[in-house]
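Please look over the model shown below before reading on. The report that follows takes up a few loop positions, then the interior, and then a pocket.

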Amino acid sequence: MAFAASTACCKPSALLAPRASASSSSQARLCRPSTSAAFQGLRAPAPAFALAPAPRRRAASTGIVCGKVSKGSVPPNFTLKDQDGKTVSLSKFKGKPVVLYFYPADETPGCTKQACAFRDSYEKYKKAGAEVIGISGDDAASHKAFAKKYRLPFTLLSDEGNKVRKEWGVPSDLFGTLPGRQTYVLDKKGVVQYIYNNQFQPEKHIGETLKIIQNL
C-alpha cells in the first residue's frame with residue numbers, strides 16, 4: 001500500500017494499473033520527486049520549494065495613491081516653461097495658495113473639460129488669492145494653442161519627458177499606459193493640504209479644492 005500511495009501523483013489508479021515494465025518504471029521515476037525511500041514505505045523529504053510560503057500580497061489601498069508627494073509634505077521645486085515660453089518656478093508662488101494639477105494631454109475630452117471647469121471658477125480662485133497651474137507633457141506651443149482656443153486664463157507648464165511628474169510620483173492609469181490626472185492644493189507655505197486623483201471625473205473636484213483654498 002505504501003507503493004500505491006507514493007505513485008498516486010503519476011497514475012490515475014495505482015491499484016488497477018498493470019505491472020510496470022522497466023521502461024515505464026524509468027518514466028515513472030521522471031515524474032516523481034521522491035527517492036527510493038518512497039518504495040520502502042518511508043516518507044521522503046518534501047522539496048524545499050514546496051515548503052516556501054507564497055509571498056503575501058498587500059491589501060489594496062482604499063485611499064488615494066499619492067506617490068512621493070503626500071498630504072503634509074513639501075513637494076520638490078521645479079522650473080518649467082509656460083505656454084509663452086517663459087520659465088516658471090514653483091518657488092515663485094510661495095506665499096500664496098496654489099492649485100497644481102497634472103493632466104494627461106491637451107485637447108483630450110477629459111482634459112478640456114477639466115481646464116474649462118478651472119477657467120469658469122478662476123475668478124473665485126483669484127479672489128481667494130490662489131494660483132492655478134496645469135502641467136502636462138505637451139510642449140509650449142501645444143499649451144499656447146490649447147489656452148487660446150478655450151480662453152484659459154491660468155498658467156500651463158510643459159513637463160516634456162514627464163520629469164516633474166516622476167519626481168512627484170504622480171501615479172499612471174490603465175496599467176501605466178495613461179499619464180495620471182492628479183491635483184494638489186498647496187498652502188501659503190508650500191505644504192500639500194489636499195490631493196485628488198480621478199481620471200474619469202476630471203471636473204468633479206473643482207468646487208472641493210475651492211472650498212479648501214478659501215479656508216486656508
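In which loop does G129 lie? G129 sits in the loop between helix 5 and strand 4 (131–136), where helices (H or I, at least four residues) and strands (E, at least two) are DSSP runs, numbered from the N terminus.

This is a predicted model, in which local features need pLDDT of at least 70 and side-chain atom pairs count only at pLDDT 80 or more, while totals for chains, interfaces and linings use all residues. Residues are numbered from 1 along each chain as its sequence is written, and side-chain values use heavy atoms, with hydrogens and water left out.

**Confidence and overall make-up**

The pLDDT, which is the predictor's confidence in each residue from 0 to 100, averages 77 over the protein chain, and 67% of the residues score at least 70. Over residues 1–66 the pLDDT is below 50, and this stretch has 34 contacts in the model beyond near neighbours in sequence, a contact being heavy atoms within 4.5 Å. Where pLDDT is low, the predicted coordinates should not be read in detail.

The secondary structure of the protein chain comes to 8 helices and 7 strands. Of its 216 residues, 40% count as buried; here buried means under 20% relative accessible area, exposed over 50%, and partly exposed in between, with a 1.4 Å probe and protein chains only. Among contacts between residues at least 6 apart in sequence, 64% join residues at least 24 apart.

**Loop positions**

G129 is partly exposed, with a relative accessible area of 32%, and, leaving aside its neighbours within four places in sequence, G129 is in contact with K96 and P97. D173, in the loop between helix 7 and strand 6 (182–186), counts as buried at 17% relative accessibility. Not counting residues up to four places away in sequence, D173 touches L178, P179, G180, R181 and Q199.

Each row of the table gives a loop residue and a partner, with their separation along the chain and between C-alpha atoms.

| Loop residue | Partner | Separation in sequence | C-alpha separation |
|---|---|---|---|
| G129 | I213 | 84 residues | 8.5 Å |
| D173 | P104 | 69 residues | 9.9 Å |
| K94 | V191 | 97 residues | 9.8 Å |

Backbone angles draw attention to two other loop residues. Phi of R151 is near 55 degrees, a positive value in a residue other than glycine; R151 is placed in the loop between helix 6 and strand 5 (155–158), and R151 is exposed, with a relative accessible area of 61%. Phi of N162 is likewise near 55 degrees and positive in a residue other than glycine, and N162, found in the loop between strand 5 and helix 7 (163–168), is partly exposed, with a relative accessible area of 25%.

**The nonpolar interior**

In soluble globular proteins, nonpolar side chains tend to be buried together. A nonpolar core is taken as a set of buried Ala, Val, Leu, Ile, Met, Phe, Trp, Tyr and Cys residues joined through side-chain atoms within 4.5 Å. Of the 25 residues in the largest nonpolar core, Y101, F118, Y125, V132, L152, F154 and L156 touch the most other members. The elements that give two or more residues to this core are strand 3 (98–102), helix 4 (109–120), helix 5 (122–127), helix 6 (140–149), strand 7 (192–197) and helix 8 (206–215), and the largest share, 5 residues, comes from helix 4.

Leaving aside its neighbours within four places in sequence, Y125 is in contact with V99, F118, A130, V132, I206, T209, L210 and I213. Apart from this core lies another, of 19 residues, among them L90, L100, V170 and I195.

**The largest pocket**

On a 1 Å grid over the protein atoms alone, a pocket is an open set of points where a 1.4 Å probe fits, with protein on both sides within 12 Å along at least five of seven lines, and lining residues have an atom within 4 Å of a point. The largest pocket is lined by 15 residues, of which L90, S91, K94, K189 and G190 lie nearest its centre. K94 is in the loop between strand 2 (87–89) and strand 3 and counts as exposed at 63% relative accessibility. Not counting residues up to four places away in sequence, K94 touches K188 and K189.
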